[in-house]
Amino acid sequence: MASVKERLAEFSREAHELYLNQSVPYLEDPPDPLQFYRDWIGPNKPCIIRNAISHWPALSKWTPEYLRKKVGSKVISVAVTPNGYADAVDGDRFVMPEERKMSLSAVLDIIEGKVQQRGVFYVQKQSSNLLEELPELANDLEPQIPWMSTALGKSPDAVNFWLGEATAITSMHKDHYENIYCVISGEKNFILLPPTDRPFIPYGVYQPAVYRQRDDGEFEAVDQTNSEKVPWIPLDPLDPDLDRYPQYGRARPIHFIVKAGEMLYLPSLWFHHVQQSHGCIAVNFWYDMEYDIKYNYFQLLEMLCGFPGST
Ligand SMILES: O=C(O)CCC(=O)C(=O)O
């Protein structure tokens with residue numbers, strides 16, 4: 001009889017054969033809510049939507065000059081790391097960024113090269129930072145994506161603002177959100193893997209730590225000794241270590257770029273790794289996923305893959 005491992009490989013192969021695309025298709029117009037639900041959210045498939053946010057003033061307005069004038073003095077949370085990796089495995093630890101409070105103008109000074117600072121800076125606080133920290137910008141876009149809210153029957157849980165250096169990287173992970181990711185300026189490089197590729201994606205459990213910049217300018221990772229260990233993916237899809245994680249050789253990552261004015265539908269539970277052009281600005285909308293049988297099956301898959309702590 002085939003082993004569980006062989007069955008899981010078969011499971012992934014079948015998903016590719018039955019319904020997954022080899023690239024991310026484009027829709028040329030904002031969709032009808034019911035059709036979007038039927039074609040993309042229900043089947044849990046990503047797509048890029050064009051011409052859906054062309055009416056947002058943000059697209060033409062959000063230059064560094066405008067942002068300085070409108071919200072330059074606002075103090076916001078910025079993730080600072082020595083190497084661009086916030087929330088990522090480094091050796092035997094899961095290291096989170098130093099969260100620094102800075103004015104938006106100070107962040108723009110660094111991004112525009114007017115001020116030199118050690119470390120990599122990324123505005124990426126994922127707790128509705130657009131509405132919480134920069135509400136003055138909210139009028140330059142819509143508070144939600146109307147057809148997505150209608151399709152799901154709910155409003156987004158969070159509206160996040162992203163602005164960072166080219167060296168800032170979001171390590172591979174997945175979320176329990178239906179994610180509508182809109183690029184306002186610059187471009188984002190995504191690597192996506194479907195949830196059914198989970199059998200090929202390695203996980204470990206790591207001691208959490210947080211970066212801190214010392215007085216001499218060097219960064220150190222300070223262990224969070226009272227926090228529980230964190231399950232995370234140690235593999236870098238830009239340079240996968242196939243000697244260590246040979247099973248990843250069977251995964252089928254999709255690499256693509258989302259350009260200014262485009263919107264990615266990133267379905268719940270899809271693994272993603274993200275990079276960007278220098279100074280790229282994006283806004284995304286996180287809609288909580290339905291904890292239905294899809295989620296339920298994924299939990300089973302995690303267990304069968306020997307998810308740390310699942311036994
Ligand atoms: O833009 C990024 O760097 C990361 C985006 C992301 O991980 C998300 O929206 O879930």
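**Exercise 1. Lay out the open sheet of this predicted model.**

Task: Give the order of its strands, then find which strands stand at the edges.

Solution.
Step 1. The open sheet has 5 strands, in the order β4-β10-β18-β12-β16. Their pairing is mixed.
Step 2. Look at the two ends of that order. β4 (85-86) and β16 (254-259) each have a single partner strand, so one side of each is left without a neighbour in the sheet.
Step 3. Now take the pairing of β16 with β12. Strand β12 covers residues 187-193 and runs antiparallel to β16, with 6 bridges joining them. I191 stands opposite H255 in β16.

**Exercise 2. Place N189.**

Task: Which strand holds N189, and which residues does N189 touch beyond four places in sequence?

Solution.
Step 1. N189 belongs to strand β12.
Step 2. Count its surroundings. N189 has 17 C-beta neighbours inside 10 Å. Buried needs 20 or more, and exposed needs 12 or fewer. N189 therefore counts as partly exposed.
Step 3. List the contacts. Setting aside residues up to four places away in sequence, N189 touches I257, Q275 and Q276.
Step 4. Compare sequence with space. N189 and F256 lie 67 residues apart in sequence, yet their C-alpha atoms are 5.9 Å apart.

**Exercise 3. Find the partners of β3.**

Task: Which strands do bridges join to β3, and how many of its 7 residues are buried?

Solution.
Step 1. Strand β3 spans residues 75-81. It is mostly covered, with 5 of its 7 residues buried.
Step 2. Strand β7 (residues 98-103) runs antiparallel to β3, and 6 bridges join them. Here V80 stands opposite E98.
Step 3. Strand β8 (residues 120-123) is also antiparallel to β3, joined by 3 bridges. T81 stands opposite V120 in this pair.

**Exercise 4. Examine the nonpolar core.**

Task: Which members of the largest nonpolar core touch the most others?

Solution.
Step 1. The largest nonpolar core contains 76 residues. V107, C182, M263 and A282 touch the most other members.
Step 2. Follow M263. Beyond its neighbours within four places in sequence, M263 contacts I48, I49, A52, I53, I180, Y181 and C182.
Step 3. Add the general background. In soluble globular proteins, nonpolar side chains tend to be buried together.

**Exercise 5. Describe the ligand shell.**

Task: Which residues surround the ligand, and which strands supply at least two of them each?

Solution.
Step 1. The shell consists of W162, T170, D175, N179, Y181, H272, V274, A282 and N284.
Step 2. β11 (177-185), β18 (271-276) and β19 (281-288) each supply at least two shell residues.
Step 3. Sort the shell by type: 4 nonpolar, 4 polar and 1 charged.

Conventions:
Residues are numbered from 1 along each chain as its sequence is written. This is a predicted model: local features need pLDDT of at least 70, side-chain atom pairs count only at pLDDT 80 or more; totals for chains, interfaces and linings use all residues. A nonpolar core is a set of buried Ala, Val, Leu, Ile, Met, Phe, Trp, Tyr and Cys residues joined through C-beta atoms within 7 Å. Two residues are in contact if their C-beta atoms, placed from the backbone, lie within 7 Å. Two strands pair if DSSP finds at least two bridges between them. Helices (H or I, at least four residues) and strands (E, at least two) are DSSP runs, numbered from the N terminus. A residue is near a molecule or strand if its C-beta atom, placed from the backbone, lies within 6 Å of it. Ala, Val, Leu, Ile, Met, Phe, Trp, Tyr, Cys and Pro count as nonpolar, Asp, Glu, Lys and Arg as charged, and the others, Gly among them, as polar.
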